[in-house]
Amino acid sequence: MRTVYLNGEYLPENEAQVSIFDRGFLMADGVYEVTSVLDGKLIDFDGHAKRLERSLNELGMQKPDAFDDLLDIHRELVRVNEINEGMIYLQITRGAPNDRDFVYPDPETTKPTLVLFTQNKPGLADSPVAKTGIKVISIEDQRWARRDIKTVQLLYPSMAKMAAKAAGKDDAWMIEDGKVTEGSSNNAYIVKGNTIITRHLGNEILHGITRAAVLRFAREAQMQVEERGFTIDEAKEADEAFITSASTFVMPVVEIDDHTIGTGTPGPISARLREIYLEESRKAAI
Ligand code: PDD
(Lines give C-alpha, C1' and ligand atoms only; values in the text may rest on other atoms or scores of the structure.)
Protein backbone atom coordinates (compact mmCIF):
# COMPACT_ATOMS: atom_id res chain seq x y z
CA MET A 1 0.00 0.00 0.00
CA ARG A 2 1.20 3.47 -0.88
CA THR A 3 2.18 6.09 1.64
CA VAL A 4 0.67 9.43 0.64
CA TYR A 5 1.01 12.96 1.99
CA LEU A 6 -1.96 14.99 3.23
CA ASN A 7 -1.68 18.35 5.01
CA GLY A 8 1.53 17.68 6.91
CA GLU A 9 1.10 13.95 7.48
CA TYR A 10 2.44 10.83 5.79
CA LEU A 11 -0.37 8.26 5.82
CA PRO A 12 -1.32 4.92 4.31
CA GLU A 13 -3.43 5.74 1.23
CA ASN A 14 -6.63 4.35 2.74
CA GLU A 15 -6.33 6.58 5.80
CA ALA A 16 -5.93 9.90 3.97
CA GLN A 17 -9.29 11.64 3.94
CA VAL A 18 -10.51 14.98 2.63
CA SER A 19 -13.73 16.76 3.62
CA ILE A 20 -16.86 16.58 1.44
CA PHE A 21 -16.81 20.41 1.62
CA ASP A 22 -13.39 20.63 0.03
CA ARG A 23 -13.58 23.11 -2.85
CA GLY A 24 -11.54 20.79 -5.02
CA PHE A 25 -14.39 18.26 -4.74
CA LEU A 26 -17.30 20.74 -4.98
CA MET A 27 -15.94 23.36 -7.41
CA ALA A 28 -12.79 21.93 -9.06
CA ASP A 29 -11.13 24.83 -7.20
CA GLY A 30 -7.67 23.36 -7.23
CA VAL A 31 -4.39 23.22 -9.09
CA TYR A 32 -1.98 20.38 -9.65
CA GLU A 33 1.40 19.27 -10.94
CA VAL A 34 2.77 15.97 -12.18
CA THR A 35 6.52 15.52 -11.81
CA SER A 36 8.25 12.50 -13.27
CA VAL A 37 10.79 10.34 -11.47
CA LEU A 38 13.69 8.62 -13.21
CA ASP A 39 16.42 6.70 -11.37
CA GLY A 40 14.62 7.63 -8.15
CA LYS A 41 15.18 11.34 -8.86
CA LEU A 42 12.88 14.22 -9.78
CA ILE A 43 12.83 15.60 -13.32
CA ASP A 44 12.60 19.39 -13.59
CA PHE A 45 11.35 19.92 -10.04
CA ASP A 46 12.08 23.66 -10.12
CA GLY A 47 10.05 24.17 -13.28
CA HIS A 48 7.04 22.42 -11.76
CA ALA A 49 7.35 24.34 -8.48
CA LYS A 50 7.48 27.66 -10.35
CA ARG A 51 4.46 26.84 -12.51
CA LEU A 52 2.57 25.72 -9.39
CA GLU A 53 3.29 29.04 -7.70
CA ARG A 54 2.09 30.87 -10.81
CA SER A 55 -1.15 28.82 -10.93
CA LEU A 56 -1.80 29.67 -7.27
CA ASN A 57 -1.16 33.37 -7.90
CA GLU A 58 -3.43 33.49 -10.95
CA LEU A 59 -6.29 32.08 -8.85
CA GLY A 60 -5.56 34.14 -5.74
CA MET A 61 -5.06 30.96 -3.77
CA GLN A 62 -2.76 31.01 -0.75
CA LYS A 63 0.32 28.82 -0.64
CA PRO A 64 0.14 25.96 1.84
CA ASP A 65 2.48 26.37 4.84
CA ALA A 66 4.52 23.45 3.52
CA PHE A 67 5.19 25.10 0.14
CA ASP A 68 8.90 25.56 0.84
CA ASP A 69 9.18 21.92 1.93
CA LEU A 70 7.76 20.50 -1.30
CA LEU A 71 11.10 19.19 -2.54
CA ASP A 72 11.64 17.29 0.73
CA ILE A 73 8.09 15.92 0.63
CA HIS A 74 8.53 14.72 -2.96
CA ARG A 75 11.81 13.04 -2.03
CA GLU A 76 10.39 11.42 1.07
CA LEU A 77 7.48 9.94 -0.92
CA VAL A 78 9.90 8.62 -3.55
CA ARG A 79 11.98 7.06 -0.75
CA VAL A 80 9.24 5.44 1.32
CA ASN A 81 7.37 4.16 -1.74
CA GLU A 82 10.60 2.97 -3.38
CA ILE A 83 9.89 4.69 -6.70
CA ASN A 84 12.55 4.22 -9.33
CA GLU A 85 10.46 5.30 -12.34
CA GLY A 86 7.08 6.93 -12.15
CA MET A 87 5.35 10.16 -11.22
CA ILE A 88 4.45 12.28 -8.23
CA TYR A 89 1.00 13.85 -8.35
CA LEU A 90 0.53 17.01 -6.29
CA GLN A 91 -2.73 18.87 -5.75
CA ILE A 92 -3.56 22.04 -3.84
CA THR A 93 -7.17 23.13 -3.35
CA ARG A 94 -8.63 26.22 -1.72
CA GLY A 95 -9.52 24.01 1.22
CA ALA A 96 -12.67 22.98 3.01
CA PRO A 97 -14.95 25.62 4.54
CA ASN A 98 -17.91 24.18 6.45
CA ASP A 99 -20.41 24.63 3.63
CA ARG A 100 -20.80 25.15 -0.12
CA ASP A 101 -20.51 28.76 -1.29
CA PHE A 102 -19.46 30.41 -4.56
CA VAL A 103 -17.63 33.07 -2.56
CA TYR A 104 -14.08 32.08 -1.67
CA PRO A 105 -13.65 31.19 2.01
CA ASP A 106 -11.64 33.45 4.30
CA PRO A 107 -8.01 32.32 3.93
CA GLU A 108 -7.46 33.07 7.64
CA THR A 109 -9.83 30.30 8.68
CA THR A 110 -9.80 27.96 5.66
CA LYS A 111 -6.35 26.63 4.85
CA PRO A 112 -5.51 25.05 1.49
CA THR A 113 -5.57 21.28 1.16
CA LEU A 114 -2.25 19.80 0.04
CA VAL A 115 -2.11 16.24 -1.28
CA LEU A 116 0.73 14.31 -2.88
CA PHE A 117 0.89 10.70 -3.98
CA THR A 118 3.25 8.57 -6.05
CA GLN A 119 2.47 6.57 -9.19
CA ASN A 120 4.89 3.71 -9.69
CA LYS A 121 5.57 3.15 -13.43
CA PRO A 122 8.48 0.77 -13.97
CA GLY A 123 9.63 0.97 -17.60
CA LEU A 124 8.30 4.52 -18.08
CA ALA A 125 11.41 5.72 -19.92
CA ASP A 126 11.83 2.56 -21.98
CA SER A 127 8.17 2.55 -23.06
CA PRO A 128 7.47 0.17 -25.97
CA VAL A 129 4.84 2.68 -27.21
CA ALA A 130 7.64 5.19 -27.92
CA LYS A 131 8.99 2.74 -30.50
CA THR A 132 5.71 2.40 -32.40
CA GLY A 133 4.13 5.82 -31.75
CA ILE A 134 0.56 6.80 -30.92
CA LYS A 135 -2.53 7.59 -33.00
CA VAL A 136 -4.58 10.72 -32.40
CA ILE A 137 -7.94 12.13 -33.46
CA SER A 138 -8.83 15.82 -33.59
CA ILE A 139 -11.66 17.27 -31.54
CA GLU A 140 -13.02 20.77 -30.89
CA ASP A 141 -11.36 22.42 -27.88
CA GLN A 142 -14.21 23.10 -25.48
CA ARG A 143 -12.23 23.85 -22.34
CA TRP A 144 -12.29 27.14 -20.46
CA ALA A 145 -10.13 30.03 -21.65
CA ARG A 146 -7.40 29.89 -18.96
CA ARG A 147 -5.61 26.71 -19.93
CA ASP A 148 -2.32 28.26 -18.84
CA ILE A 149 -3.43 27.63 -15.24
CA LYS A 150 -3.00 23.97 -14.35
CA THR A 151 -6.38 23.41 -12.69
CA VAL A 152 -8.03 20.11 -11.81
CA GLN A 153 -10.99 20.83 -14.13
CA LEU A 154 -10.16 17.85 -16.31
CA LEU A 155 -13.61 16.71 -17.43
CA TYR A 156 -13.31 17.90 -21.02
CA PRO A 157 -9.78 16.47 -21.50
CA SER A 158 -11.14 13.25 -20.04
CA MET A 159 -14.06 13.30 -22.54
CA ALA A 160 -11.56 13.96 -25.35
CA LYS A 161 -9.52 10.95 -24.27
CA MET A 162 -12.66 8.80 -24.19
CA ALA A 163 -13.59 9.98 -27.71
CA ALA A 164 -10.13 8.85 -28.85
CA LYS A 165 -10.56 5.48 -27.15
CA ALA A 166 -14.02 5.05 -28.71
CA ALA A 167 -12.42 5.62 -32.14
CA GLY A 168 -9.77 2.99 -31.35
CA LYS A 169 -7.02 5.63 -31.02
CA ASP A 170 -4.74 6.79 -28.21
CA ASP A 171 -5.34 10.49 -27.70
CA ALA A 172 -6.98 13.65 -29.03
CA TRP A 173 -5.55 16.93 -30.33
CA MET A 174 -7.84 19.84 -29.64
CA ILE A 175 -8.71 22.47 -32.24
CA GLU A 176 -9.73 26.09 -31.68
CA ASP A 177 -10.43 28.53 -34.53
CA GLY A 178 -8.99 26.00 -36.95
CA LYS A 179 -5.64 25.61 -35.16
CA VAL A 180 -4.38 22.87 -32.86
CA THR A 181 -4.08 24.04 -29.26
CA GLU A 182 -2.65 20.93 -27.56
CA GLY A 183 -3.31 17.29 -26.72
CA SER A 184 -5.70 16.17 -23.98
CA SER A 185 -2.85 16.18 -21.45
CA ASN A 186 0.23 17.11 -23.47
CA ASN A 187 1.66 19.67 -25.88
CA ALA A 188 1.46 18.96 -29.62
CA TYR A 189 4.18 19.32 -32.29
CA ILE A 190 4.74 18.69 -35.98
CA VAL A 191 8.03 18.50 -37.84
CA LYS A 192 8.73 19.70 -41.39
CA GLY A 193 12.23 19.08 -42.63
CA ASN A 194 14.50 20.35 -39.85
CA THR A 195 11.80 22.60 -38.34
CA ILE A 196 9.77 21.83 -35.23
CA ILE A 197 6.44 23.61 -35.08
CA THR A 198 4.41 23.96 -31.90
CA ARG A 199 1.78 26.42 -30.76
CA HIS A 200 3.05 29.66 -29.23
CA LEU A 201 2.52 30.25 -25.48
CA GLY A 202 -0.61 32.08 -24.36
CA ASN A 203 -3.74 31.46 -22.30
CA GLU A 204 -4.88 28.83 -24.81
CA ILE A 205 -2.41 26.15 -23.74
CA LEU A 206 -0.60 24.87 -20.70
CA HIS A 207 3.00 26.05 -20.66
CA GLY A 208 4.51 22.60 -20.54
CA ILE A 209 7.63 22.12 -18.48
CA THR A 210 8.66 19.34 -20.85
CA ARG A 211 7.92 21.68 -23.79
CA ALA A 212 10.33 24.30 -22.47
CA ALA A 213 13.10 21.74 -22.02
CA VAL A 214 12.53 20.02 -25.36
CA LEU A 215 12.57 23.32 -27.30
CA ARG A 216 15.77 24.30 -25.53
CA PHE A 217 17.43 20.97 -26.42
CA ALA A 218 16.13 21.22 -30.01
CA ARG A 219 17.70 24.67 -30.46
CA GLU A 220 20.95 23.48 -28.89
CA ALA A 221 20.97 20.61 -31.41
CA GLN A 222 20.69 23.17 -34.28
CA MET A 223 17.10 22.28 -35.09
CA GLN A 224 14.81 25.14 -36.14
CA VAL A 225 11.85 25.92 -33.89
CA GLU A 226 8.71 27.81 -34.93
CA GLU A 227 6.25 28.67 -32.17
CA ARG A 228 2.95 29.19 -33.98
CA GLY A 229 -0.45 27.62 -34.45
CA PHE A 230 -0.88 24.96 -37.15
CA THR A 231 -3.95 23.36 -38.72
CA ILE A 232 -4.82 19.67 -38.76
CA ASP A 233 -4.36 19.71 -42.55
CA GLU A 234 -0.83 21.01 -42.10
CA ALA A 235 -0.23 18.34 -39.46
CA LYS A 236 -1.45 15.58 -41.78
CA GLU A 237 1.15 16.66 -44.34
CA ALA A 238 3.99 16.90 -41.81
CA ASP A 239 7.04 14.65 -41.90
CA GLU A 240 6.68 13.81 -38.20
CA ALA A 241 4.53 14.62 -35.21
CA PHE A 242 4.92 14.14 -31.48
CA ILE A 243 3.62 15.14 -28.06
CA THR A 244 5.41 16.04 -24.83
CA SER A 245 4.45 15.84 -21.15
CA ALA A 246 5.94 14.85 -17.82
CA SER A 247 4.38 11.39 -18.11
CA THR A 248 5.21 10.66 -21.78
CA PHE A 249 8.42 12.72 -22.26
CA VAL A 250 8.65 12.93 -26.07
CA MET A 251 6.13 10.54 -27.65
CA PRO A 252 5.93 10.12 -31.43
CA VAL A 253 2.55 10.45 -33.18
CA VAL A 254 2.19 8.28 -36.28
CA GLU A 255 -1.44 8.88 -37.25
CA ILE A 256 -3.77 11.91 -37.17
CA ASP A 257 -7.46 11.48 -38.03
CA ASP A 258 -6.75 8.18 -39.85
CA HIS A 259 -4.01 9.85 -41.90
CA THR A 260 -0.56 8.23 -41.64
CA ILE A 261 2.24 10.65 -40.72
CA GLY A 262 5.53 10.16 -42.55
CA THR A 263 6.25 6.46 -42.85
CA GLY A 264 3.86 5.49 -40.07
CA THR A 265 6.72 4.86 -37.66
CA PRO A 266 8.42 7.34 -35.29
CA GLY A 267 10.51 9.80 -37.28
CA PRO A 268 14.23 10.49 -36.67
CA ILE A 269 13.75 13.94 -35.13
CA SER A 270 11.12 12.75 -32.63
CA ALA A 271 13.26 9.73 -31.73
CA ARG A 272 16.38 11.89 -31.35
CA LEU A 273 14.56 14.46 -29.20
CA ARG A 274 13.26 11.73 -26.92
CA GLU A 275 16.80 10.40 -26.53
CA ILE A 276 18.29 13.84 -25.81
CA TYR A 277 15.44 14.74 -23.44
CA LEU A 278 15.84 11.56 -21.40
CA GLU A 279 19.63 11.82 -21.31
CA GLU A 280 19.76 15.49 -20.31
CA SER A 281 16.88 15.17 -17.83
CA ARG A 282 18.50 12.24 -16.08
CA LYS A 283 21.71 14.24 -15.76
CA ALA A 284 19.90 17.24 -14.26
CA ALA A 285 17.51 15.23 -12.02
CA ILE A 286 17.59 15.95 -8.29
N1 PDD B 1 -0.44 16.92 -18.08
N2 PDD B 1 -0.98 20.37 -21.77
C3 PDD B 1 -1.88 19.86 -20.93
C4 PDD B 1 -3.31 20.17 -21.14
C5 PDD B 1 -1.46 19.03 -19.87
O6 PDD B 1 -2.37 18.52 -19.03
C7 PDD B 1 -0.08 18.72 -19.72
C8 PDD B 1 0.44 17.86 -18.60
C9 PDD B 1 0.82 19.28 -20.65
C10 PDD B 1 2.31 19.05 -20.56
O11 PDD B 1 2.88 19.72 -19.47
P12 PDD B 1 4.19 19.17 -18.74
O13 PDD B 1 5.22 19.00 -19.82
O14 PDD B 1 4.55 20.23 -17.79
O15 PDD B 1 3.82 17.85 -18.12
C16 PDD B 1 0.34 20.12 -21.64
C17 PDD B 1 -0.07 16.09 -16.97
C18 PDD B 1 1.10 15.22 -17.24
C19 PDD B 1 -1.29 15.34 -16.50
O20 PDD B 1 -2.34 15.95 -16.47
O21 PDD B 1 -1.20 14.17 -16.11
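Where does the ligand lie with respect to domain 1 (3–120) and domain 2 (129–284)? The model I am presenting today is a predicted one, and I shall use it to answer that question. Both domains contribute residues to the shell around the ligand, and therefore the ligand lies between them.

Let us turn to the shell itself. There are 19 residues around the ligand, and those that come nearest are Tyr-32, Arg-51, Glu-182, Ile-209 and Thr-210. By character, the shell comprises 10 polar, 5 nonpolar and 4 charged residues. Four elements each provide at least two of the shell residues: strand 3 (30–38), helix 2 (45–58), helix 6 (209–220) and strand 13 (240–245).

I now come to individual contacts. An oxygen atom of the ligand is 2.6 Å from a polar side-chain atom of Tyr-32. In the side chain of Glu-182, an N or O atom lies 2.6 Å from a nitrogen atom of the ligand. For Ser-185, a backbone N or O atom is 3.3 Å from a ligand nitrogen atom. The ligand taken alone exposes 470 Å², of which the protein buries 90%.

Finally, which pocket holds the ligand? The ligand sits in the largest pocket.

Terms used
Residues numbered from 1 in each chain as written. Predicted model: local features only at pLDDT ≥ 70, side-chain atom pairs only at ≥ 80, totals over all residues. Heavy atoms only, no water. Near = heavy atom within 4 Å. Polar contact = N/O pair within 3.5 Å; in protein donor to acceptor, adjacent residues only side chain to side chain. Areas by Shrake-Rupley, 256 points an atom, 1.4 Å probe, with all protein chains shown as cover. 1 Å grid on protein atoms, 1.4 Å probe; cavity = no way out; pocket = protein on both sides within 12 Å on 5 of 7 lines; lining within 4 Å. Sits in = over half its atoms within 2 Å of the grid points. Nonpolar A, V, L, I, M, F, W, Y, C, P; charged D, E, K, R; others polar. Domains from an automatic or database assignment.
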